[in-house]
Amino acid sequence: MLLPNIDPTKTEAWKQLAEHYNLTKETQMGSLFSDGATRAVDFSIVWNDFLVDYSKNRIDQKTIQLLLQLAEEVNIKDAIGKYFGGHEINQTEGRAVLHTALRAKASDTVMVDGENVVLEVNKVKEQIKAFTDSVISGERKGHTGKPFTDVVNIGIGGSDLGPAMVTEALKFYKNHLNIHFVSNVDGDHVQEVLRDLDPETTLFVIVSKTFTTQETLSNANTIKKWFLESASEKDIATHFAAVSTNADKISEFGISATNVFPMWDWVGGRFSLWSAVGISIALAVGFENFNALLKGANEMDEHFKNEDNDKNIPVVLALLSIWYNNFHGAETEVVIPYTQYLSRFSAYLQQGIMESNGKSVDRNGNRVDYQTGSIVWGEPGTNAQHAFFQLIHQGTKLIPATFIGFKRSLYGNTDHHNKLMANFFAQTEALMNGKSAEEVKTELEEKNMSKEDVQKLLPFKVFEGNNPTNTILIDRLTPASLGSLISLFEHKIFVEGIIWNIFSYDQWGVELGKKLAGQTLKDIEGAEISQHDGSTTQLLESFKS
Ligand code: F6P
């Protein structure tokens, strides 16, 4: 069964939202707080150890009611049922979208082509557990009998960003293994990583759903060559593992069948960290923690699947993004985690969000005449404050922000954590309230500045405020809370895609790039340069000279 296929702009809710936007666009959030004593509670969702406060947004009850109506008019509940139910909602590739099955409870049933895929998922999880336990304990050894000390994950896109982000995020829970990531087809980076490694104690995990990705195969071959400088062909079986759907290509590479972890075509690369793609996570933090990550994600899945729309975190956050993207004309949104552990979070989200919803053709095959996928970016606070916050506070663009913070730090350094979180709370408040001309005037006069100087300086020190933020406050950064957080964003992507009436789970735009680079490589390596525009020809000639 296909997804509902509804042009959002033709819905009654969309028309009313457009009118509502015109009537409310000048409203100041500060005044909404003064008028509504229960606003903070009304526009918050408490779930497990998450408090999601979305009250600092340019919304009132009517906005939320209309956004929820929009979700109903596009049949969001029906779409969610098809997503979890294993229907082929990735229609352009003829596939189901079932990363949720990877973290389903062991006793759940998810049917694909007449088979309960959870049984297969459980089997692979056992395989991951056995493999990672034996590497961590030192029982599994390198070819000279030494235990492994280092692991290199070789993959790109979804075969890199998720594992790299989570491994960094869960550093606190890490064991003795050092995990490295090689993704870019940049030989200098490969050498930088290899430089510090001992081939006798390093395990290599090649992660590629297709096992045809140029970057990954080039890096894997370079690394294999380096490894063979001090080992023999038969040792590849001990030092290399692979995760892929492409069994033939893996065996051509020389990897032993016992070190091969399967994947399925119903798992998209950018949603695959929950599968064996996440093996470097399980190696870094142990299988129990990896499993806790999956459990946290599953809890968010259940919330998303079962909760009413008005208390459903991914639904509400997606609707707010639509409100700014499609009615306020916001071009980007920023995500600021107040923990250094989440330093790779926005890079990870960029693939998830922009590869999924960067589409301009609707599910009928027609070009859309409304904005789709938002551009997401960010850096951890407080670093971000000292980098680009100036533009959010006083620039000309509207940039809705999501702040993610934790009540408790992991090492328990209260002094630092209080300072970190004081910034977290102060920023969302300042973004909303700004600083009026009156306040600036008083402040400058208190510094005994002359009237003339006050007038000169005043316009530059005014903050208009009214900048919207969501705040996600979580108890602690644990494998489970991280799993829930990632799952939240995955489902937010889904809801936005449904509303925009686009296919979120293909990535034809990236496939084009792969082909183009292939031809250009022939031009670089061959004698002749084929037909290009003048600029490209000039650049290629200069490169080859
Ligand atoms: O970037 C395009 C893409 O197809 C992603 O969707 C995927 O995560 C990445 O390439 C890597 O693909 P593979 O795992 O097949 O090497």
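Which helices each supply at least two residues of the lining of the largest pocket? In this predicted model, the helices that do so are α9 (214-228), α15 and α21, and I would like to begin with the pocket before turning to the ligand.

About 800 Å³ of space lies in the largest pocket, and of the 36 residues that line that pocket, the closest to its centre are T210, T213, Q507, E511 and K514. Helix α21 gives the most to this lining, with 6 residues, and if we sort the lining by class, we find 17 polar, 10 nonpolar and 9 charged residues.

Now to the ligand, which sits in this largest pocket. There are 14 residues surrounding the ligand, and the closest are S159, S208, T210, T213 and E355. Two helices, α15 (345-357) and α21 (508-525), each supply at least two residues of the shell around the ligand, and the shell residues divide into 9 polar, 3 charged and 2 nonpolar.

Let me go through three of the side chains individually, in each case looking at the distance to an oxygen atom of the ligand. For T213, a polar side-chain atom lies 2.5 Å from such an oxygen; for T210, a polar side-chain atom lies 2.6 Å from a ligand oxygen; and for S159, an N or O atom in the side chain is 2.7 Å from an oxygen atom of the ligand. Alongside these contacts, the protein covers 90% of the 390 Å² of accessible area that the ligand has on its own.

If you keep two residues in mind as you look at the structure, let them be T210 and T213, which are listed among the closest residues to the ligand and also among the closest to the centre of the largest pocket.

Technical notes:
Residues are numbered from 1 along each chain as its sequence is written. This is a predicted model: local features need pLDDT of at least 70, side-chain atom pairs count only at pLDDT 80 or more; totals for chains, interfaces and linings use all residues. Side-chain values use heavy atoms; hydrogens and water are left out. A residue is near a molecule or strand if one of its heavy atoms lies within 4 Å of it. A polar contact is a pair of N or O atoms within 3.5 Å; within protein, one must be able to donate a hydrogen and the other to accept it, and residues adjacent in sequence count only if both atoms are side-chain atoms. Accessible areas come from the Shrake-Rupley method with a 1.4 Å probe; for residues, only the protein chains shown count as cover. On a 1 Å grid over the protein atoms alone, a cavity is a set of points where a 1.4 Å probe fits but cannot get out, and a pocket is an open set with protein on both sides within 12 Å along at least five of seven lines; lining residues have an atom within 4 Å of a point. A molecule sits in a cavity or pocket if more than half of its atoms lie within 2 Å of its grid points. Helices (H or I, at least four residues) and strands (E, at least two) are DSSP runs, numbered from the N terminus. Ala, Val, Leu, Ile, Met, Phe, Trp, Tyr, Cys and Pro count as nonpolar, Asp, Glu, Lys and Arg as charged, and the others, Gly among them, as polar. Grid points are joined across faces, edges and corners, and a volume is the space filled by probe spheres set on the points.
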